[in-house]
Each structure stands twice: as C-alpha cells, then as structure tokens.
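Reader: I should be grateful for a close look at a single strand of this structure and at its surroundings. Please set out the wider arrangement as well, as far as it helps to place that strand.

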Amino acid sequence: MARPYLPSFFGRGDDPFGSLFREVQKTFEDFSQRTPFAQFRSDTLSPNIDVAESKDAIEVTAELPGVDEKDLDVTLANEVLTIRGEKRTERDEEDKDKNWHVVERSFGSFTRAIPLPFDPDATKVEARFDKGVLHIHLPKPAEVAKKQQKIEIKKA
C-alpha cells in the first residue's frame, strides 16, 4: 500500500507528534490488512502466516524467526489449527553494563489459531520446521475432496 505524502516534520525524531502519527498509521495499516484468518491473532508477536488450499489439502506456512523447534506446539481440535510457541530473549542479566540504544526485537509467548473448513485426520497431518519456517500439510478427508465439483459455465 502506498504511503501518503507527509510533510517533513512527521519524519523527524525531535517531533513529539511524529511518533504518535506513525503508531496511528501503523494501526490503520494493520487493520486494513486483516483477513478472515487474522481475526485469531492474539498479539504483536503472532507469526505471519500463508494459507493455501488445493483440491487435496490445505498448506499453512508460518514464519518463526528466532524460535527454536522445541519451543513450538502445534495442535488440532474442533476444526482449528493452533500454533503456540515462545521466542526466548537472547539477553541475559549479565548485559547490565550495556547501554541499549535500540531494542525492536520482540520476545515472549504467542498463539495463532487458524479456523479450517473441515476437520482433518490428525494422523495424516504433517509438520516440518526448516530455517525458522513452519510448514504444515493438512490433507482433506476423502469425503470433503469428493464434495468439490467444478461447475461448467455455459454461454448465454
């Protein structure tokens, strides 16, 4: 989405309203980018996801940079896929001597719930974690796949 023209005083660090303006703008951008799947985001640490559907399955891909595989939990219940995890801080108490100038990275627990249009067989769901990206393959049950039919469109 293209950003509107802003007078130069909105970008300067010494302007007390610049920070407020950027926060309000970010809030509206976040709201405008919501999808039906985004309604289940619990906080700002929630992973970004892609959800794709084919005739045989749904594929969910979640970006989880900095998260360790052992800190992830993927569950399936009542047609909802839930991804829970924790991104642990890399700073420790011995860092007290450091004078931090910028701290933008987020740490903490997160949950992301994704409603599904069917109840997958949990024994056939596959999940793999590679280079900070979680890939989940949810095969459609045979009865769901059979219900889908292409409808021919005829010329009038």
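Author: The account below takes strand S7 as its subject, beginning with the chain as a whole and then turning to the strand, its partners and the other sheet.

The model is a predicted one. Its protein chain contains two helices and seven strands, and in sequence order these follow the pattern α-β-β-β-β-β-β-β-α. Of the 156 residues in the protein chain, 24% are buried. Among the contacts between residues at least 6 apart in sequence, 55% link residues at least 24 apart.

Strand S7 covers residues 133–139. It belongs to an open sheet of four strands, ordered S1-S2-S7-S6 and paired in the antiparallel sense. Strand S1 (49–53) and S6 are the edge strands; each has a single partner strand, so one side of each is left without a neighbour in the sheet. From one strand to the next, the twist averages 15°. In general, the strands of a sheet are held in pairs by backbone hydrogen bonds, in either a parallel or an antiparallel sense.

On one side, S7 runs antiparallel to S2, to which seven bridges join it. Within this pairing, Val 60 stands opposite Ile 136 of S7. On the other side, S7 pairs with S6, again in the antiparallel sense, over five bridges. Here Ile 136 is the bridge partner of Ala 127, while His 135 is the bridge partner of Arg 128. Ile 136 thus appears in both pairings, opposite Val 60 and as partner to Ala 127.

The two faces of S7 can be told apart by their cover. Leu 134, Ile 136 and Leu 138 make up the covered face, whereas Val 133, His 135, His 137 and Pro 139 make up the uncovered one. This agrees with a general rule: side chains in a regular strand alternate between the two faces of the sheet.

Two residues of the covered face return in the largest nonpolar core. That core has 17 residues, and those touching the most other members are Val 60, Leu 64, Leu 81, Ile 83, Phe 110, Ile 136 and Leu 138. Strands S2 (57–63), S4, S5 (108–115) and S7 each supply at least two residues of the core. For Leu 138, neighbours within four places in sequence being set aside, the contacts are Ala 57, Ile 58, Val 60, Leu 76, Leu 81, Leu 116, Phe 118, Pro 120 and Val 125. Two of these contacts, Val 60 and Leu 81, are also named among the core residues that touch the most other members.

The hairpin that leads into S7 deserves separate mention. S6 and S7 form this hairpin with two residues between the strands, and Lys 131 takes a positive phi near 55° in it. The residue lies in the loop between strand S6 (126–130) and S7, and it is not a glycine despite the positive phi. Lys 131 counts as exposed because its relative accessible area is 78%, above the cut-off of 50%.

The other sheet offers a parallel case. Three strands form this open sheet in the order S3-S4-S5, with antiparallel pairing. S3 and S5 are its edge strands, and each pairs on one side only. Its neighbouring strands are turned by 15° against each other on average, direction ignored. S3 and S4 are paired over six bridges, and Val 74 stands opposite Ile 83 of S4. In the loop between strand S3 (72–77) and S4, Asn 78 has a positive phi of about 50° although it is not a glycine. Asn 78 counts as exposed because its relative accessibility is 72%, again over 50%.

Strand S4 spans residues 80–87 and includes Thr 82. This threonine counts as buried because its relative accessibility is 10%, under the limit of 20%. Apart from neighbours within four places in sequence, Thr 82 is in contact with Asp 73, Val 74, Thr 75, Thr 111, Arg 112 and Ala 113.

Two notes on the aromatic residues complete the account. The structure holds zero aromatic pairs. Lys 87, however, lies over the face of Phe 107, at 5.3 Å from the ring centre.

Technical notes:
Residues are numbered from 1 along each chain as its sequence is written. This is a predicted model: local features need pLDDT of at least 70, side-chain atom pairs count only at pLDDT 80 or more; totals for chains, interfaces and linings use all residues. Side-chain values use heavy atoms; hydrogens and water are left out. Buried means under 20% relative accessible area, exposed over 50%, partly exposed in between (1.4 Å probe, protein chains only). Contact means heavy atoms within 4.5 Å. A nonpolar core is a set of buried Ala, Val, Leu, Ile, Met, Phe, Trp, Tyr and Cys residues joined through side-chain atoms within 4.5 Å. Two strands pair if DSSP finds at least two bridges between them. Axes are lines fitted to C-alpha atoms, for helices over the stretch in contact, and angles run from 0 to 180 degrees between N-to-C directions. Rings of Phe, Tyr and Trp (its six-membered ring) pair if their centres lie within 6.5 Å; planes under 30 degrees apart count as stacked, over 60 as edge-to-face and the rest as tilted. A charge sits over a ring if NZ of Lys or CZ of Arg is within 6 Å of the ring centre and within 35 degrees of the ring normal.
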